[in-house]
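Subject: Structure handover

Hi,

Here is the structure I said I would pass on. Please open it alongside this email, and then read on for what turned up.

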Amino acid sequence: MHFGGTNFARIEPQIILAEPVKMNAPSIILVHNHPSGDARPSDEDFRMTDRIHECADVMGIRLIDHVIIGENGFSSVMQVEREQKEKEMKNKKRKER
């Protein structure tokens, strides 16, 4: 668990992964809230998810997802990333035609 201010949280992979390592956890799910109420992932959420994902992989821990809680719902960073990549691939195929 890690805490931040009203509009930020400074998190480091070694802090996030310390407990799963101690517990010998095979996988983790990250969850945090956006005090703004907007559950959409920010650019920093994507960067941090990628960084933690890379570090977890090295340590043999599977990052299942990163969920963001907002005022009226939640979003999955992993799902949003997949959807963005799919959209980019479709756009690239259209341009190639």
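Below is what was found, going from the overall layout to the salt bridges, the contacts and the surface.

One thing to keep in mind is that this is a predicted model.

**Overall layout**

The chain has three helices and three strands. Following the sequence from start to end, you will meet them in the order α-β-α-β-β-α. There are 97 residues in the chain, and buried ones make up 32% of them.

**Salt bridges**

Side chains of opposite charge can pair when their charged atoms come close. Searching the whole structure turns up four salt bridges. Here are some of them.

Start with Arg51 and Glu12, whose closest N and O atoms are 3.4 Å apart. Arg51 sits in helix 2 while Glu12 is in the segment before helix 1 (13–23), so this pair ties together parts that lie 39 residues apart in sequence. The two partners sit in different classes of accessibility: Arg51 is partly exposed because its relative accessibility is 38%, and Glu12 is buried because its value is 15%, with under 20% being the cut-off for buried.

Next come Glu19 and Lys22, which form a salt bridge with an N to O distance of 3.2 Å. Both belong to helix 1, and they are three residues apart, or about one turn of the helix. Glu19 has a relative accessible area of 41%, so it counts as partly exposed. Lys22, at 65%, counts as exposed.

Then there is Asp38 with Arg40, where the closest N and O atoms are 2.7 Å apart. Asp38 is partly exposed at 29%, and Arg40 is exposed at 61%.

**Around Ala39**

What does the side chain of Ser75 reach at 2.4 Å? It is the backbone oxygen of Ala39. Ser75 belongs to strand 3 (residues 73–76), whereas Ala39 is in the loop between strand 1 (27–33) and helix 2 (43–58). Ser75 has 13% relative accessibility, so it counts as buried. Ala39 is buried as well, with a value of 12%.

Ala39 also features in a C-alpha pair. Its partner there is Ile68, which is 29 residues away along the chain, and the two C-alpha atoms are separated by 5.5 Å.

**Pro13 and Asn24**

Is Pro13 buried or exposed? Its relative accessibility is 3%, so Pro13 counts as buried. Pro13 lies in helix 1, and its C-alpha atom is 5.3 Å from that of Ile52, although the two residues are 39 apart along the chain.

Asn24 is worth a look for its backbone. The phi angle of Asn24 is near 55 degrees, which is a positive value in a residue other than glycine. You will find Asn24 in the loop between helix 1 and strand 1. With a relative accessible area of 67%, Asn24 is exposed.

**On the surface**

Two patches came up, one nonpolar and one charged.

The nonpolar patch is made of Ile29, Val31, Ile64, Ile69 and Phe74, and together these residues have about 490 Å² of accessible area. Strand 1 and strand 2 (62–70) are the elements that give two or more residues to this patch. Ile29, for one, is found in strand 1.

The other patch is positive, and it is formed by Lys90, Lys93, Arg94 and Arg97. If you want a place to start looking, try Lys90, which is in helix 3 (residues 77–96). Lys90 has a relative accessible area of 53%, so it counts as exposed, the cut-off for exposed being over 50%.

**If you only have a minute**

Here are a few spots to pull up on screen:

- Arg51 and Glu12, the salt bridge that links helix 2 to the segment before helix 1.
- Ser75 and Ala39, where a side chain reaches a backbone oxygen at 2.4 Å.
- Asn24, for its positive phi.
- Lys90, Lys93, Arg94 and Arg97, for the positive patch.

Happy looking, and best wishes

Methods: Residues numbered from 1 in each chain as written. Predicted model: local features only at pLDDT ≥ 70, side-chain atom pairs only at ≥ 80, totals over all residues. Heavy atoms only, no water. Patch = residues over 30% accessible without salt bridge, like charges linked within 9 Å, V, L, I, M, F, W, Y side chains within 5 Å. Areas by Shrake-Rupley, 256 points an atom, 1.4 Å probe, with all protein chains shown as cover. Salt bridge = Lys/Arg side-chain N within 4 Å of Asp/Glu carboxyl O. Lys, Arg positive; Asp, Glu negative; His and termini not counted. Charge placed at Lys NZ, Arg CZ, Asp CG, Glu CD. Helix = DSSP H or I, 4+ residues; strand = E, 2+ residues; numbered from the N terminus. Buried < 20%, exposed > 50% of the residue type's maximum accessible area, 1.4 Å probe, protein only. Polar contact = N/O pair within 3.5 Å; in protein donor to acceptor, adjacent residues only side chain to side chain.
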